[in-house]
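Colleague: Please take one loop in this chain and look at it closely. Then follow the links outward as far as they lead.

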Amino acid sequence: MTDSSIDALNKKLDSLIEAVSRLAPPPVPETDIGEADCFVWQADPGYLEPVRKVNRVDIGLIRGVDRVRDILVDNTERFAAGYAANNVLLWGARGMGKSSLVKAVHAEINARAKSDLPLKLIEIHREDIDTLPKLMGLLKAAPFRFILFCDDLSFDHDDTSYKSLKAALEGGVEGRPANVIFYATSNRRHLLPRDMIDNERSTAINPSEAVEEKVSLSDRFGLWLGFHKCSQDEYLDMIDGYISHHDLAIDPEQLRAEALEWATTRGSRSGRVAWQFTQDLAGRLGKPLKD
């Protein structure tokens, strides 16, 4: 074989090796859990992506839910201190600050700095719930304590991933690691469609057993915190809090009239509606909102 033939063969082999390398999956990024207080679980390929700037509001701006706020703060504070605490399901009316409260409480507990190791918040997407055991396996040996947070958790017809969640929370052989707690928000108290539960009642051989399996998922949460539609006074109080925090100057009577009109056009009153009105007002006044 001539030198030119060998060179040509080597070039072809190099090209083949390069092509095969491109087909291989990229290496899983390594996560330094100490570099941030908040992460997002990326189930594929399986690592924690740090969040440098968390989208949250100050806990003092979340109005109209004082009772559930205090319960959640107390439960989280006990967990961060190493004491017993419950998984929490925050359920109820949309736009009333369920997910905002979880993020705000996490920041509040770390701000109090009663522990040398900050509490970590990890968001897991609804579609990745079946990878929860894998995530817990990665976290159980870490020196930190973790809140696993799933926003807008619910399950549709023929979706069996709720069984993975049941096992991961308390039903598995290993159980939930002592340094992990699970917080979820949902518009549904039982996380499953009501007609799905009703169908089990009518078609199962033993209806009570079938229904028990469906609703037992919610039983894995020791705390159920209900969020209900706010009154007009609570809605206006939310807006007053935002206006004061962001230093927006407007006549009180004009503010009240515009706020009520905004709620009427939206057909509801909630913390989300109050925040959307505040954004609109700040834009019309030409004023920036504080971070």
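**A loop and its surroundings**

Modeller: Aspartate 152 sits in the loop between strand E5 and helix H5, the latter covering 162-171. Keep in mind that this is a predicted model. The backbone at aspartate 152 deserves the first look. Its phi is near 55°, which is positive, and the residue is not a glycine. Is aspartate 152 buried, partly exposed or exposed? Its relative accessibility is 46%, so aspartate 152 counts as partly exposed; the band for that label ends at 50%.

Step back along the chain to the strand before this loop. E5 spans residues 146-150, and cysteine 150 belongs to it. Here the accessibility falls to 0%, so cysteine 150 counts as buried. What surrounds cysteine 150, once residues up to four places away in sequence are set aside? One group of contacts is Ile124, His125, Arg126 and Ile129. Another is Phe182, Tyr183, Ala184 and Thr185. Glutamate 127 is 23 residues from cysteine 150 in sequence. Their C-alpha atoms lie 9.9 Å apart.

A cysteine raises the matter of disulfides. The search of the whole structure returns zero. Cysteine 38 is another buried cysteine, because its relative accessible area of 9% is under the 20% limit. Strand E1 runs over 38-42.

Just past E1 comes another backbone feature. The loop from E1 to strand E2 (47-50) holds proline 45. The peptide bond leading into proline 45 from aspartate 44 is cis, with omega near 20°.

Aspartate 37 leads to helix H3. Asparagine 110 is placed in that helix. Along the chain, 73 residues separate asparagine 110 from aspartate 37, yet their C-alpha atoms are 9.0 Å apart. Asparagine 110 is in contact with Asp37, and also with Pro118 and Leu119, when neighbours within four places are left aside.

H3 itself packs on H2. H2 covers residues 66-80 and H3 covers 98-112. Their axes come within 10 Å and cross at roughly 50°. The two are therefore oblique to each other, since 50° falls outside the parallel, perpendicular and antiparallel ranges. The crossing is right-handed. On the H2 side, the contact uses Val68, Arg69, Leu72, Val73, Thr76, Glu77 and Ala80. H3 answers with Leu101, Val102, Val105, Ile109 and Arg112. By class, that makes eight nonpolar residues, one polar and three charged.

Now for a counterpart to aspartate 152. Aspartate 247 also has a positive phi, about 55°, without being a glycine. Where is aspartate 247? Its place is in the loop joining H8 and H9. At 54% relative accessibility, aspartate 247 passes the 50% mark and so counts as exposed.

The helices on either side of that loop pack on each other. H8 takes in residues 232-245, and H9 takes in 252-266. Their axes are 11 Å apart, at an angle of about 120°. That angle makes H8 oblique to H9. Their crossing is right-handed. H8 contributes Gln232, Tyr235, Leu236, Ile239, Asp240 and Ile243. H9 contributes Leu255, Arg256, Ala259, Leu260, Trp262 and Ala263. Nine of these contact residues are nonpolar, one is polar and two are charged.

H8 has a further partner in H10, residues 271-285. Here the axes come within 9 Å and cross at roughly 40°. H8 is oblique to H10 as well. This crossing, too, is right-handed. From H8 come Tyr235, Met238, Ile239, Tyr242 and Ile243. From H10 come Gly271, Val273, Ala274, Trp275, Phe277, Thr278 and Leu281. The class count is 10 nonpolar, two polar and no charged residues. Tyr235, Ile239 and Ile243 of H8 thus touch both H9 and H10.

Last, the whole chain. It has 10 helices and seven strands. Of its 291 residues, 41% count as buried. Take the contacts with a separation of 6 or more: 74% join residues 24 or more positions apart.

Definitions and conventions. Residues are numbered from 1 along each chain as its sequence is written. This is a predicted model: local features need pLDDT of at least 70, side-chain atom pairs count only at pLDDT 80 or more; totals for chains, interfaces and linings use all residues. Side-chain values use heavy atoms; hydrogens and water are left out. Axes are lines fitted to C-alpha atoms, for helices over the stretch in contact, and angles run from 0 to 180 degrees between N-to-C directions. Helices (H or I, at least four residues) and strands (E, at least two) are DSSP runs, numbered from the N terminus. Angles under 35 degrees count as roughly parallel, over 145 as roughly antiparallel, 65 to 115 as roughly perpendicular and the rest as oblique. A crossing is left-handed if the near helix is turned anticlockwise from the far one by less than a right angle, and right-handed if clockwise. Contact means heavy atoms within 4.5 Å. Ala, Val, Leu, Ile, Met, Phe, Trp, Tyr, Cys and Pro count as nonpolar, Asp, Glu, Lys and Arg as charged, and the others, Gly among them, as polar. A disulfide is a pair of cysteine sulfur atoms within 2.5 Å. Buried means under 20% relative accessible area, exposed over 50%, partly exposed in between (1.4 Å probe, protein chains only).
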